[in-house]
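This report introduces selected features of one protein model to a reader who has not met it before. The sequence and structure are shown first.

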Amino acid sequence: MMRTLFPLRRRALAAAALAALTSALVAAPALAGTPGVDEPPVPGTPRPLEVPSFAEATLPNGVRVVVAERHALPLVSVALYLHLGSAADPEGRAGLAGLTNDLRTQGATVAGKRLSASQLAQQAEALGSSLSSSTDWRGSALTMTVATPKLAEAARLIVDSTLFPTLAASELDRLKQQAADGLKLSLSDPMALAGLTARRAWWGASVFGGSMTPASLTRISRKDVQDFARLQLRPELATLVVTGDVTLEQAKALATQLLGSWKGNRMALPKPRAEAAEAQTPSTVLVNLPGAGQSGVVVMAPTVPYDSPERMVARVAGAVLGGGYSARLNQEVRIKRGLSYGAGAGLDFQPVGGVLSARTQTNNATAGQVVQLMRDEIVRMGQELPADDELEARKAALVGSYGRQVETTAGLAGLALDLLGRDRPLSEAQHYVPEIQAVTALQVRDYAAKQWSPMALRTVVVGDMSKAAEGLKPVADKPLTLDAKDLDLESPTLMKAR
């Protein structure tokens, strides 16, 4: 009998203790947990964004040296930039500049020794990094980020890979096969295909409407690659960018050692193409991709050139419209109506103008509804002022993104490459934040009213038209309708020649 009572008593005491603890937690909210342990940490004191200034020098042969110092950590990012990119691709060979630069990482003569692709990769890994290739409309670069003591070795690897690449036929074939596989995937994806189609529909015959296609890839030969590499290799087109734990004097000495003996020539510098947009299609293009589970939707509107005084207003307007989860497009398309997993907008600035592209993917049956929503939101930007809290939130997002970029040495190097490519003063890096913060609601509305009228908009939808066509009728006035198999992304009309 006694053996039975004691366990019952212990259970009763435990229950009473649990009840007392629960009561205390409910009745005494003032007993808060420890911040950072069982409560979110207390926000720290906001710090002002500090953007290091860029310093530069020029070697006697024309090579520029650009440095941004940051000595808090023993890290440096180094890049060699060649100021000639995809805008110099020959007619019918879109993708040549990118392939040429990628091949530089697939074999080169470094410090007098011929290295294969795997040996180049091993050398980069031995320095604690990788040899990265990047190409845009305006230029190409090879980049690495290493510990400060490894700077000279990393710079040697980059410089020799740029100046003395093997450009092997076997490696070119392998890269072309990889690119072909990627294109096959893109051309079967409604959103990716909508983006490629929209670029050509907007720019027409301009070089900025081009993109690598299976046909252009087939045309690119090893001789094309060799010729383009020679075209790029002019000291006057080259800039050595070093950011992080380094001084201008150190970087200039390194550049003199590695690039000082590089001789130029008297031939005129190559000039990339820069034709203005001249659309040769109707304002709405519908591409039938049979079997596509969803439709890719792109609505485009004009924007200013990258050197326009209004470029910062354009950035803020684009951010209010489609620059994040709480921006207008995502609010209307996803949050309020659940028509997509996400909708946003991006800006493409070029020297002769630019384009804002609002994009999303939706069910085929709701493609027409989404087109109308996106057009309405773009036009509404020019009809009413953004609310103060809305404007400040989007400006804060732009500044925050910029701040995250300049926090790293690689981000600083990327910023320098962007400014160099756009032929902008390096001091512009210091002005970005105050210029964004100075943009007013009135400027945003007036900019949108001037640029984003209903007549200025162009639309591309790629999807299964057997399911999407009916819903698109109210928003597609005399559209160009094509089957995906008949689409020619090299033609300004988007149609294959007959």
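Thr 100 touches Leu 167, Val 225, Phe 228, Ala 229 and Gln 232, leaving aside residues up to four places away in sequence. The model in which these contacts appear is predicted. Thr 100 belongs to helix 2, which covers residues 96-103. With a relative accessible area of 0%, Thr 100 counts as buried, because the cut-off for that class is under 20%. A polar atom of the Thr 100 side chain lies 2.8 Å from the backbone oxygen of Leu 96.

A second region of interest is helix 12. Helix 12 comprises the 14 residues 367-380, and at 1.5 Å a residue these should span 20 Å; the C-alpha atoms at its ends are 20 Å apart, in agreement with that expectation. Because 10 of its 14 residues are buried, helix 12 is largely enclosed by the rest of the structure. Among the buried residues are Val 370, Leu 373, Met 374, Arg 375 and Glu 377.

Helix 12 packs against helix 17 (residues 465-472). The angle between them is about 45 degrees, and their axes are 7 Å apart; the two helices are therefore oblique to each other. The residues of this contact divide into 4 nonpolar, 2 polar and no charged. The table sets out the residues that meet.

| Helix | Residue range | Residues in the contact |
|---|---|---|
| Helix 12 | residues 367-380 | Ala 367, Gly 368, Val 371 |
| Helix 17 | residues 465-472 | Ala 468, Gly 471, Leu 472 |

Of the helix 12 residues in the table, Ala 367, Gly 368 and Val 371 are buried.

Definitions and conventions
Residues numbered from 1 in each chain as written. Predicted model: local features only at pLDDT ≥ 70, side-chain atom pairs only at ≥ 80, totals over all residues. Heavy atoms only, no water. Helix = DSSP H or I, 4+ residues; strand = E, 2+ residues; numbered from the N terminus. Expected span 1.5 Å × (residues − 1). Buried < 20%, exposed > 50% of the residue type's maximum accessible area, 1.4 Å probe, protein only. Axes fitted to C-alpha atoms, helices over the stretch in contact; angles between N-to-C directions. Parallel < 35°, antiparallel > 145°, perpendicular 65-115°, else oblique. Contact = heavy atoms within 4.5 Å. Nonpolar A, V, L, I, M, F, W, Y, C, P; charged D, E, K, R; others polar. Polar contact = N/O pair within 3.5 Å; in protein donor to acceptor, adjacent residues only side chain to side chain.
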